[in-house]
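Me: Please show me the sequence and the structure. I should then like to ask how certain descriptions of them are justified.

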Protein chains: 2
Amino acid sequence: MNATIKDVAREAKVSIATVSRVLNNSAVVTDETKQRVLDAIKKTGYKPNALARSLKIQKTHTIGLIVPDISSPFYPEVVRGIEDIASMYSYNIFLCNTDQKEDKEMNYIEILSEKQVDGIIYMGDIIRESVKQQLHDIGIPIVLAGTEDAESEFPNVNIDNKKASYDAVKYLLSLGHKKIGMISGPFDDPIGGVQRTNGYKEALSEAKIRFKPSLVVEGNFKARQAYLAMLKLLENNVDAVFAASDEMAAAAINAIFDSGFSVPEDIHVIGFDNTYLSYMFRPTITTIQRPAYDIGAVSMRLMTKLLAKEPIDDMHVILPHQLIVRESTGYGEEKK
Amino acid sequence: MNATIKDVAREAKVSIATVSRVLNNSAVVTDETKQRVLDAIKKTGYKPNALARSLKIQKTHTIGLIVPDISSPFYPEVVRGIEDIASMYSYNIFLCNTDQKEDKEMNYIEILSEKQVDGIIYMGDIIRESVKQQLHDIGIPIVLAGTEDAESEFPNVNIDNKKASYDAVKYLLSLGHKKIGMISGPFDDPIGGVQRTNGYKEALSEAKIRFKPSLVVEGNFKARQAYLAMLKLLENNVDAVFAASDEMAAAAINAIFDSGFSVPEDIHVIGFDNTYLSYMFRPTITTIQRPAYDIGAVSMRLMTKLLAKEPIDDMHVILPHQLIVRESTGYGEEKK
DNA sequence: TTGTAGGCGTTATCAA
DNA sequence: TTGATAACGCCTACAA
C-alpha cells in the first residue's frame, strides 16, 4: 500500500496539516519541523495522491484532446505541439480518438467532463451543432485547434483558409492560367467548402476573370468523387485546377492522365494540406501547408491562458500558411 | 456548480446510498424508487464525479502512455491501436511525450503514478535501468510495446528482431549475394545492436558463409555515422548491405553513389522500419515493416488482461513482421 | 429495500 | 507556528 499523508505525519510526529503545508509551501513552517517532515517523506516513500488533491481543489491539471485520427497525417504534429506546451505548464493530456463520429465525440466529451478535465482542445474538420452544444454545456474552457465554428463562439487557432485558397489560385494565375477549375469540399462545409471557394472567387475577381459556377465542382475531400469532378472540369477545358485536399488533387491528376492529358505539361494542379501523399505521388503535388505543430502549440498556450484567467488579446488566432511548389505546377521536384 | 449525488438524493427524496445503487446497479432497488432516481438525475443534470469515485474504489480506468515522439513515424499507428482497444474497454489514455530522455521519462512516470493510473504502456527503443527500476517500483501493471527489456521482466509485445534481420539477409542471399555487409545499431543496444546482428550471423551461417567481423560496422541509427560505415564496407567490396534502420540505409545509398557505384545495379541495400523515408527516397528502399497498429492493439489488450487479473497465456507476444521489397534490391517500384 | 455513517487522501479554516 | 476538523463527492458495510 502506498504511504499517505497520515503515515508521513505519524512518522514526523506532526499533524497532517503541517505535512500538507510543507508539501505546498502554503504557510510558514519552522525549518526544523520542515526537515522532519521532509525526512519522513523520504523514509515512507510518500507520493501525493493527485486524485484526492484534485477532488479537493477542483482542478486536475489535465486537459482532454478530441482528435479525429491520431494515425492520419497532420494530427500527430498538432498533438506534439500541444503536448510540448502542456508539459511546459505541467498539464497532462487525455487523448481521445473519434474518427470524427458524432457518438464517439459526444461520449468522449461526457467522459472527459466526468473525469473533471480542466479544458478540452477539439480538432476536426467540422464541428456539429450537437457537439458544440455539449462542449458549451460542460462549462469549461474549449479551444478549437485547426478548425473553427461558424459563429466563432469558441476560441480557436487556425490558418486563414480563404486566404490560403486565394494564394493557391493566385499562383496559378501568375503562371498564366486563365481557365482555372476548382474541386471544393462539400458546399455546406463552412471551411473546406465555403471559405476555400471564396478565396478562389476572390483571386479570380481580382484578376478580372469572371467567375463561372461550372468551373467549381463539389467534392468530399475523397478520391472517387474528385475523379469524377475532374472529368467534368475537363469537359470545360480548364488549364489548371485547385483541389481542396491533396487526395482530391491526386485523384484529379489520375483523371487527367486517364483522359490522355498530362500534368504538368497540359494542366497544372494544386492540392491542400501537404500530406505525405503530396510528396509521394508522382508527379509530386504543389500544395498548401498548414503549420501543424504551431497550431497545436498555440492552441495549448491559449488554453493555459484561459485556465489562468489571464487577459487574452485574441481569441481567434490566425497562423500563416505556406504554398509549397512541386512538380504538379511544373516547378520540378525539390531536393532534400 | 455541478449537481452531486446529494442533490439527486434530495430531489428524489431518497438517501445518497440509494442513488449510488442505481448508478452502479449494485443492489436491488425497487423499480419505482429507481425511476424516481433516474428522473432526478435527468432533472438535475447530474454527472458522476469520476475523481471521487476513483478515490474511493482505487481505480481510475486510465492508463499512461510513454512514447518517444508521437509525431515521428511508427508511433502514431501504435497509439491508434492502443486507443482503439482502450476505448473498447472504457479506458482513457494519458499521452506522454518524452523524446526518450531519461529525465522526462522519470518525471512522467512519477506523475502518472501520482495521478493513479491503473497501468503504463512504455514505448521506446531501449529501456534504461533507472526507468526500469522506477516502473517496477510504482507497482502497477506495465507493458512494453514495440520493445523489450533485457531480462524480460515486463510483459511485452514486439516483433522478433533477430528473425526480421535474418529474413532480410536471407533475402539478399537468395538474390545471389555472397559478400553481405551490415550496418548495425549500437553494439550495446540489445535489440538494434545484438539481436539484429545475430539474425545476420544466423542467416550467413545457415548459408555456410563464414562470418567476418569486418563486414559488420556499428552505427547509431543515424545518417552520418552510417555514411562513414558504408565507406568502410565499400573498402571490403560488399555486394549488398543490410542496415538496421531506414535512415542508415538511405545514408548508405548516398555513400555508395558518392563513391561512384549505383543502387541497385552494383549494390543492393535493405533498411528497417518502413518509415516514410523508405518509400520517399530514390531509389525506394526495401525494408522490414513492423505491424505498428497491431503492436499497440495487442499491448493494450494484454494490459486489460493484466488489470482484470485474467490468466495470461503469454506475457511476451511476438507479432509477424514483413519484408517489403522495393527498388534498392532491384525489384522495381511498387504500384499503388 | 432503504438509510446512516465512516472513509478514500487531500486542502483549508479556525483555534490554540 | 501548529493541530483539529470539516469538506471535496463517492462507495459500502452495517443497521434498520
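Reply: The following exchange sets computed values against the definitions behind them.

Reply: This is a predicted model, in which local features need pLDDT of at least 70, side-chain atom pairs count only at pLDDT 80 or more, and totals for chains, interfaces and linings use all residues. Residues are numbered from 1 along each chain as its sequence is written, chains are lettered from A and ligands numbered from 1 in the order in which they are written, and side-chain values use heavy atoms, with hydrogens and water left out.

Me: How do you know that the span of α6 of chain A agrees with that of a helix?

Reply: Helices are DSSP runs (H or I, at least four residues), numbered from the N terminus, and strands are such runs of E (at least two). The expected span is 1.5 Å times one less than the number of residues. For the 13 residues of α6(A), residues 102-114, this gives 18 Å, and the end C-alpha atoms are 18 Å apart, so the two agree.

Me: What makes Glu105(A), Tyr108(A), Ile109(A), Leu112(A) and Ser113(A) one side of α6(A)?

Reply: These five residues are buried, a term that means under 20% relative accessible area (exposed is over 50%, partly exposed in between; 1.4 Å probe, protein chains only). They cover an arc of only 135° around the axis, which puts them on the same side of α6(A). The arc is that of the directions from the helix axis to the C-beta atoms. In general, an α-helix has 3.6 residues a turn, so residues three or four places apart point the same way.

Me: Which elements of chain B do the buried residues of α6(A) pack against?

Reply: In chain B they pack against α5 (75-88) and β2 (92-97). In chain A, their partners are β1 (62-67), β2 (92-97), β3 (119-122) and α7 (129-137).

Me: Why is the relation between chains A and B called two-fold?

Reply: A turn of 180° and a shift of 0.1 Å along the axis lay chain A on chain B with an RMSD of 0.1 Å. That is the relation of a two-fold axis. In chain A, the C-alpha nearest the axis belongs to Phe94(A), 2.4 Å from it. The superposition is by least squares on the C-alpha atoms of residues with pLDDT of at least 70 in both copies.

Me: How do you know that the copies meet through the same surface?

Reply: Contact means heavy atoms within 4.5 Å. Of the interface residues of chain A, 100% are also interface residues in chain B, so the surface is the same.
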